[in-house]
Amino acid sequence: MPLQPFERVVEEHGAIVWRVCRAIAGPNDADDVWSETFLAALRAYPTLRPGSDVRAWLITIAQRKAIDRYRAALRTPVPVAVLPEVTESGQAGAADGHDDELWEAVRRLPPKQRSAVAYRYLADLPYREIGELMGISEAAARRNAADGVAALRATYQAADEASCQQGSSP
Amino acid sequence: MTYPGPDPGTLIRGRLPSHRVESADEPGSDRLRELRRRLARQADRAGLLDVAYRTLDTPVGKLLLAATTRGLVRIAYPVEDHDRVLQTIAERVSPRVMRAPARLDPVAWELDEYFAGRRQVFDLPLDMQLVHGFRRTVLAHLIGIRYGTTASYAAIAVASGHPRAARAVGTACARNPLPVVVPCHRVVKSNGSLGQYVGGVDAKQRLLSLEAAA
């Protein structure tokens, strides 16, 4: 099957890649990592072998772009006009409403668990592919995703109980 | 100890992305649409936008307009199936095809003027890479047919140096990648009847009436 117009690729995979960007790069950098990912993909697109798994290819690029950005951020402190608000956990919060909690929890996961959770639950990739993307075995990918979800469950349970107690107090 | 509510995995997969990112319309909420627009601009600046396209509503239907960096490469009627046309462009020109209206602005302006009866000659760079050989010769002669006039398939065949190739002229017109701008609608049968048209006979009639009225 020949390559589709690139616009189709963006249309089909744009949303999922953005979710993955958000999970691995954080809400503040998601847009930029998304743009860098698709620009790099567009550059390389004519050489992509027809019939390739385009989504997995895009996610590999997104992963690299997120890491690049992370490394660049470590090297260069970014001057800002207004200091971002700092949440109780000590991390800059995104102005994103009530999903913050869950994203915050996803972001606090150890990197391998975070990636595995993102690939599994945001991109719906099979564990075999997740293992390939992460350079680990299929079984290890499965364990990392399971551990990540268990950690999220614990966080959520704690948050839920806290809000229930608040809500039900007379 | 088990969690009483839904699995966090389901939460992430279902609730979280859906109400934040998606709309009923397409997976491009406002944010994604804006990201896509930004991507098209960045791609153009980086020299990666090999083919830009947009659509334009006109009295003869929604036209697909596509341009390379060299010029207008394709105009397509709805009946040609825009998706299929874009796929062909991806295969024959470049797969780096993106919706990016800016490059097509001058084309859209001139077409709007034409359909308003205010323009008789198009002044646009054309990229004829989708046409070769005799068909290209034919199209070159079509550009010489003045606004408001017609020529017969046979006459164009003579002008193209192959007097007996009227049928091939018909094929060249039917496969004209740049209808309206390269005026194959001005080619009619020797007996005065309209003949075929890439956008349908109604569209051909409409264009000729428009030009006759101006």
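This is a short talk about a nonpolar core, one helix and one glycine in the structure above. Hello everyone, and please keep in mind as we go that this is a predicted model.

Let's start with the core. The largest nonpolar core has 90 residues, and the ones touching the most other members are V17(A), V20(A), C21(A) and L65(B). Where does the largest share of this core come from? Helix α1 of chain A, residues 6-25, supplies that share, with 12 residues. Take C21(A) as an example: leaving aside neighbours within four places in sequence, its contacts are A30(A), V33(A), W34(A), T37(A), A62(A) and A66(A).

Now over to chain B and helix α7, which covers residues 166-174. Here V169(B), A172(B) and C173(B) are buried. Looking down the axis of α7(B), you find the buried residues within an arc of 100 degrees, so they line one face of the helix. As a reminder, an α-helix has 3.6 residues a turn, so residues three or four places apart point the same way. And what covers the buried residues of α7(B)? The cover includes α5 (133-142), α6 (153-159) and β6 (187-188), which belong to chain B.

My last stop is G148(B), which sits in the loop between α5 and β5 of chain B. Is G148(B) buried or partly exposed? It has 13 other C-beta atoms within 10 Å, and because buried takes 20 or more and exposed 12 or fewer, G148(B) is partly exposed. Along the chain, G148(B) and L210(B) are 62 residues apart, yet their C-alpha atoms are 8.4 Å apart in space. Beyond its neighbours within four places in sequence, G148(B) is in contact with E211(B), A212(B) and A214(B).

Thanks for listening!

Methods: Residues numbered from 1 in each chain as written. Chains lettered and ligands numbered in written order. Predicted model: local features only at pLDDT ≥ 70, side-chain atom pairs only at ≥ 80, totals over all residues. Helix = DSSP H or I, 4+ residues; strand = E, 2+ residues; numbered from the N terminus. Arc of directions from axis to C-beta. Contact = placed C-beta atoms within 7 Å. Core = buried A, V, L, I, M, F, W, Y, C linked by C-beta atoms within 7 Å.
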